[in-house]
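Visitor: I'm new here and would love a friendly tour. Could you put the structure up so we can talk it through?

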Amino acid sequence: MAHVRNKQVILRDYVSGFPKETDMSIVESTLTLKLPEASNEVLLKNLYLSCDPYMQILMTNVEPGSVSYAHSLPLTGLGVAKVLESGHPDYKKGDLIWGLTKLEEYSLVPSTQIQFKIEHTDVPLSYYTGILGMPGMTAYAGFFEVGSPKKGDKVFVSAASGAVGQLVGQFAKLTGCYVVGSAGTKEKVDLLKNKLGFDEAFNYKEEPDLNATLKRYFPEGIDIYFDNVGGKTLDAVLLNMRVHGRIPVCGMISQYNLAQPEGVTNLTNLIYKRVCMQGFVVSDFYHLYPKFLEFLLPHIREGKVVYVEDIAEGLENGPAAFVGLFSGRNVGKQVLLVARE
């Protein structure tokens, strides 16, 4: 019976405010590469792990009964993995899957945590942490199902160079929309305009008056605002929405680390302009995954949709990669390469 050393990223301290690398530790345990008798679990070798902003919320010591990471145990997140042993008939040794796993080299997980078996391997496997995984589905569902775009719509995307935003912008262009994105560095603004095909982009850190900035780029107003950040950006957008505009609310990364979240003062515009502002959770749309692949895979293969990844190598670089999300250190989707297939 084979035993392996299993490097893990564990939660060392609950997070208060911005997460720090020291809130996590790298430890090693020993794992037996054999399933327990009569188990329906699946033993995985993790290949790529996803670093996502929502994980910070789970690192906070929240009220009893709420979902959070357990102290001194490996963090949980989405990843791409290879099946080593399986107690479930849907998964066989050698299968590639993506779904919920743990930030470690090897994981024993319930079969219910596996979202999908990977059938298409002519694209990079890392894509299943991003464009073909949860972020891709988030962009697809939020833009098409919640945003209800029409040709000619004026679209604004915040955090536009991130895992989700870069896809929303490209989906908007495929639909025949005008799209503007905001990001936090000149490098990211150049990426949006020169590689990802946005019509315009700006560095929000260089814009002291976001309301004036939006009026400059959207003199006729915004039809769809894909919100990844909340806060002051959302407040300025509300002043610039068109009648019957739509706001899919995907995330609020500007608020996650604040002791006192910022208030939004311009909500009356939802009434006057009959704006539909809707939060959504991607898991509500996973039934559309086959339709999503049918739509997106040809565009990837033909080079009509591109995806930017920021890949950190080695599990020991996991804490730094995760913490970097909150300072904008990453360019594109932050991925952690654990092992090659």
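Visitor: Which strands form the open sheet, and in what order?
Guide: Keep in mind that this is a predicted model. The sheet is open and built from 6 strands, with parallel pairing. Read across, the order is β10-β9-β8-β11-β12-β13.

Visitor: Which are the edge strands of that sheet?
Guide: An edge strand here pairs on one side only. Neighbouring strands in this sheet are turned by 15° against each other on average, direction ignored. The ones that pair on one side only are β10 and β13 (276–279).

Visitor: Over how many bridges do β8 and β9 pair, and in what sense?
Guide: Look for β8 at residues 154–157 and β9 at residues 178–183. As a landmark, Val 157 stands opposite Gly 181 in β9. The two strands pair in the parallel sense, over 4 bridges.

Visitor: Which strands does helix α5 lie across?
Guide: Let's take α4 as a warm-up: that helix lies across β9 and β10, running at about 175° to β10. Helix α5 covers residues 210–217 and runs at about 165° to β10. The strands that α5 lies across are β8, β9, β10 and β11 (222–226).

Visitor: On to charges: what is the distance between the closest N and O atoms of Asp 199 and Lys 173?
Guide: This pair is a salt bridge, and the structure holds 14 of those. A salt bridge needs the nitrogen and the carboxyl oxygen within 4 Å. The pair makes the cut, with its closest N and O atoms at 2.9 Å.

Visitor: How many residues apart in sequence are the parts that this pair, Asp 199 and Lys 173, ties together?
Guide: Asp 199 sits in the loop between α4 (186–194) and β10 (200–203), while Lys 173 belongs to helix α3 (residues 165–174), so the bridge ties together separate parts of the sequence. Both ends are partly exposed: Asp 199 has 31% relative accessibility, and Lys 173 has 32%. The parts are apart by 26 residues.

Visitor: In which helix do Asp 190 and Lys 186 both lie?
Guide: Their side chains meet in a salt bridge at 2.8 Å, N to O. Asp 190 is partly exposed at 27%, whereas Lys 186 is exposed at 58%. They are 4 residues apart, about one turn of the helix, and that helix is α4.

Visitor: Are Lys 304 and Glu 302 buried or exposed?
Guide: These two also meet through their side chains in a salt bridge, at 3.2 Å from N to O. To count as exposed, a residue needs over 50% relative accessible area. Both Lys 304 and Glu 302 are exposed.

Visitor: Which residues do salt bridges with shared partners join into one network?
Guide: Here the bridges have partners in common, and that links the residues into one network. Its members are Lys 150, Asp 153 and Arg 246.

Visitor: Now the rings: why is the pair of Phe 144 and Phe 295 edge-to-face?
Guide: By the rule used here there are 22 aromatic pairs. This one joins helix α2 (residues 134–146) to helix α8 (residues 289–301), with the two residues 151 apart. Phe 144 is partly exposed at 24%, as is Phe 295 at 23%. Their centres are 5.5 Å apart, and the pair counts as edge-to-face because the planes meet at 75°.

Visitor: What kind of pair do the rings of Phe 156 and Tyr 225 make?
Guide: Phe 156 is in strand β8 and Tyr 225 in strand β11, 69 residues apart. Both of them are buried. Their centres lie 5.3 Å apart with planes at 15°, so the pair is stacked.

Visitor: Which residues touch the most other members of the largest nonpolar core?
Guide: That core has 59 residues, and its largest share, 7 residues, comes from α2. Apart from it lies another core, of 21 residues, including Val 15 and Leu 325. In the largest core, those touching the most other members are Trp 98, Ile 131, Leu 132 and Tyr 289.

Visitor: Leaving aside neighbours within four places in sequence, which residues is Leu 132 in contact with?
Guide: Two partners are already on our tour: Trp 98 and Tyr 289, both of which also belong to one aromatic cluster. The complete list for Leu 132 is Trp 98, Val 123, Tyr 127, Tyr 289, Phe 292, Leu 293, Leu 296, Leu 297 and Ile 300.

Notes
Residues numbered from 1 in each chain as written. Predicted model: local features only at pLDDT ≥ 70, side-chain atom pairs only at ≥ 80, totals over all residues. Heavy atoms only, no water. Buried < 20%, exposed > 50% of the residue type's maximum accessible area, 1.4 Å probe, protein only. Pairing = 2+ DSSP bridges. Axes fitted to C-alpha atoms, helices over the stretch in contact; angles between N-to-C directions. Contact = heavy atoms within 4.5 Å. Phe/Tyr/Trp six-rings, centres within 6.5 Å; stacked < 30°, edge-to-face > 60°. Core = buried A, V, L, I, M, F, W, Y, C linked by side-chain atoms within 4.5 Å.
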